[in-house]
Amino acid sequence: MSDRDPSRLKPNRPKLALHVPEPPFRQRQKPDISAQSIPAAGSAPRPDIAAAAAETHPLTTTLVRVLDDEHRAVGPWDPKLAPDTLRKMLRDMVTVRIFDDRMYRAQRQGKTSFYMKCLGEEAIAVAAAAALDFEDMHFPTYRQQGLLIARGYPLVDMMCQIYSNKGDKLQGRQLPIMYSDREHGFFSISGNLATQFPQAVGWSMAAAIKGDSRIAMGWIGDGATAEGDFHAAMTFAAVYDVPVILAVVNNQWAISSFSGIAGAEKATFAQRAVGYGMPAFRVDGNDALAVHAAVRWAADRARSNMGPTLIEFFTYRAEGHSTSDDPSGYRPVNEAKAWPLGDPVERLKLHLTALGEWDDERHEAMRSECDAAVRSAQKEAERQGILSEQGKDNIESMFEDVYEQVPWHLAEQRDIAVDEGRG
Ligand SMILES: Cc1ncc(C[n+]2csc(CCOP(=O)(O)OP(=O)(O)O)c2C)c(N)n1
Ligand SMILES: [Mg+2]
């Protein structure tokens with residue numbers, strides 16, 4: 001009798017079936033924002049950094065928010081930042097947006113093969129960078145270019161990497177946008193999703209074993225939480241009270257899969273920490289002040305040897321996944337506009353304005369300064385070449401830095417390639 005034999009079916013039992021999550025709105029539908037319930041700014045309590053993990057767990061189903069509808073900072077999570085800090089964050093966010101726009105166009109002009117924007121998510125990396133020390137280590141994904149920009153990494157160096165040109169410090173060995181810079185605490189971006197979590201946990205364990213005082217922050221997306229690496233990292237982090245911050249950027253989409261495919265229909269991503277006994281909260285990712293406050297809380301806790309924190313940043317990926325993606329094929333085109341948490345740049349700008357520390361004129365002057373800085377960096381980078389011009393003049397570099405002694409068969413291939421390149 002085979003498994004498929006109908007006589008094995010028990011007629012009085014229902015046939016087994018699977019649930020395949022479907023996003024609430026598809027291409028031609030009108031997104032209904034009333035389906036999202038957004039807690040009021042200032043309503044989430046702020047536990048002490050030494051609180052038991054369980055005291056943070058009610059925060060896994062709400063949203064830590066600081067900026068209210070009148071653009072004031074309210075409630076216990078207000079980080080009370082100096083106007084200069086707020087202006088620096090605003091400038092960095094504006095720079096990220098302009099940089100993304102220029103590099104997206106550069107890809108469309110055939111100057112590089114690939115680019116990824118973080119439109120709508122600028123507050124997350126920028127405010128996290130502001131909340132941590134320069135010496136702390138990040139294990140980022142491709143959507144945290146804001147970390148490098150906020151830490152003052154040269155825009156020209158980022159662009160040379162995108163163009164894989166003569167100025168590319170990674171010598172064309174990484175996909176465009178997969179930056180790496182030890183000095184700026186920016187670990188090489190790994191294309192293998194979710195590896196950032198075990199790497200950040202491992203680095204922080206090593207820091208603790210060596211008696212270091214620096215902490216690490218690991219970054220993944222909502223989709224990447226479906227990888228086994230997420231759970232392996234959570235187990236190690238929780239068991240050993242590892243001094244690490246684990247961030248899930250829930251931008252609702254993983255290329256064309258909505259967050260439900262990774263489990264968001266059943267529970268929030270922050271709630272996963274409950275099973276590990278780890279503190280966690282869910283934060284309005286479009287509110288730079290809330291992001292700063294949450295990261296600072298987790299950093300203070302980690303630095304005091306009280307262990308890891310999982311933070312879910314709730315946001316929306318306003319653009320396509322990458323230059324290779326067209327989101328109009330799987331979601332409503334106006335969904336980003338309907339997103340109830342607004343534009344992070346506009347919200348911070350209006351907050352500074354409400355404080356009397358900013359106005360439209362100063363904003364426009366700052367925006368054009370940032371625009372000029374990005375354009376001049378782009379010119380300088382392009383003087384060192386664009387991707388399509390990279391060719392056979394330095395083909396031997398492909399064989400360098402892999403073996404201490406190049407094996408004879410690779411040396412032979414290299415010499416043939418070099419000859420052909422010259423010919
Ligand atoms: C292990 C692995 N599986 C699949 C991919 C292909 N891939 C690259 S990005 C991506 C979507 C990731 O979505 P999410 O984690 O939500 O991050 P986001 O792009 O939204 O920032 C996928 C499936 C990959 N790079 N690595
Ligand atoms: Mg995502």
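Here is a short conversation about reading the cores, empty spaces and a few single residues of this predicted model.

Visitor: Before we start, how are residues and chains labelled, and which parts of a predicted model count?

Guide: Residues are numbered from 1 along each chain as its sequence is written, while chains are lettered from A and ligands numbered from 1 in the order in which they are written. This is a predicted model, where local features need pLDDT of at least 70, side-chain atom pairs count only at pLDDT 80 or more, and totals for chains, interfaces and linings use all residues; side-chain values use heavy atoms, with hydrogens and water left out.

Visitor: Okay, into the middle. Which residues have the most contacts inside the largest nonpolar core?

Guide: General idea up front: in soluble globular proteins, nonpolar side chains tend to be buried together. A nonpolar core here is a set of buried Ala, Val, Leu, Ile, Met, Phe, Trp, Tyr and Cys residues joined through side-chain atoms within 4.5 Å. Buried means under 20% relative accessible area, exposed means over 50%, and partly exposed is in between (1.4 Å probe, protein chains only). The largest core has 80 residues, and Phe99, Tyr179, Val295 and Phe313 have the most contacts inside it. Helix H8 (residues 288-303) gives the most to this core, with 11 residues. Helices are DSSP runs of H or I with at least four residues, strands are runs of E with at least two, and both are numbered from the N terminus. There's also a second, separate core of 25 residues, which includes Ala194, Phe197, Ile220 and Ala238.

Visitor: What is Phe99 in contact with?

Guide: Contact means heavy atoms within 4.5 Å. Leaving aside neighbours within four places in sequence, Phe99 is in contact with Tyr115, Ile149, Leu155, Met158, Met159, Ile162, Tyr179 and Val374. Now look at Met103 in helix H2 (residues 83-108). Again leaving aside neighbours within four places in sequence, Met103 is in contact with Tyr115, Met159, Ile162, Tyr163 and Gln378.

Visitor: Is Met103 buried or exposed?

Guide: Met103 has a relative accessible area of 0%, so it counts as buried.

Visitor: Switching to empty space: how many cavities are there of 30 Å³ or more?

Guide: The idea is simple: rolling a probe the size of a water molecule over the atoms shows where empty space is left. On a 1 Å grid over the protein atoms alone, a cavity is a set of points where a 1.4 Å probe fits but cannot get out; a pocket is an open set with protein on both sides within 12 Å along at least five of seven lines, and lining residues have an atom within 4 Å of a point. Grid points are joined across faces, edges and corners, and a volume is the space filled by probe spheres set on the points. In this structure the search finds two cavities of 30 Å³ or more. The largest holds about 60 Å³, and its lining is Tyr153, Asp157, Gln161, Asp168, Lys169, Leu170, Tyr179 and Ser180. The second largest has about 30 Å³, with Ala194 and Ile220 among its lining residues.

Visitor: And what classes of residue line the second largest cavity?

Guide: Ala, Val, Leu, Ile, Met, Phe, Trp, Tyr, Cys and Pro count as nonpolar, Asp, Glu, Lys and Arg as charged, and the others, Gly among them, as polar. That lining has five nonpolar, four polar and no charged residues, whereas the lining of the largest cavity has three nonpolar, two polar and three charged ones.

Visitor: Where are the pockets, then, and what lines the largest pocket?

Guide: The largest pocket has about 650 Å³ of space. Its lining has 34 residues, with Pro24, Gln36, Gln252, Phe314 and Trp339 nearest the centre. Strand S7 (309-314) and helix H9 (335-338) are the elements that give two or more residues to that lining. The second largest pocket has about 460 Å³; Ser164, Gln171, Gly172, Asn394 and Ser397 are the closest to its centre, out of 14 lining residues.

Visitor: Which domains does the lining of the second largest pocket draw on?

Guide: Domain bounds come from an automatic or database domain assignment, which gives domain 1 (37-389) and domain 2 (392-422). That lining draws at least three residues from each of them. The C-alpha centres of the two domains lie 39 Å apart.

Visitor: What is phi of Gln171?

Guide: Phi of Gln171 is near 55°, a positive value in a residue other than glycine. Gln171 sits in the loop between helix H5 (155-163) and helix H6 (196-209), and is partly exposed at 40% relative accessible area. Ala194, in the loop between H5 and H6, also has a positive phi, near 80°, but Ala194 is buried, at 1%.
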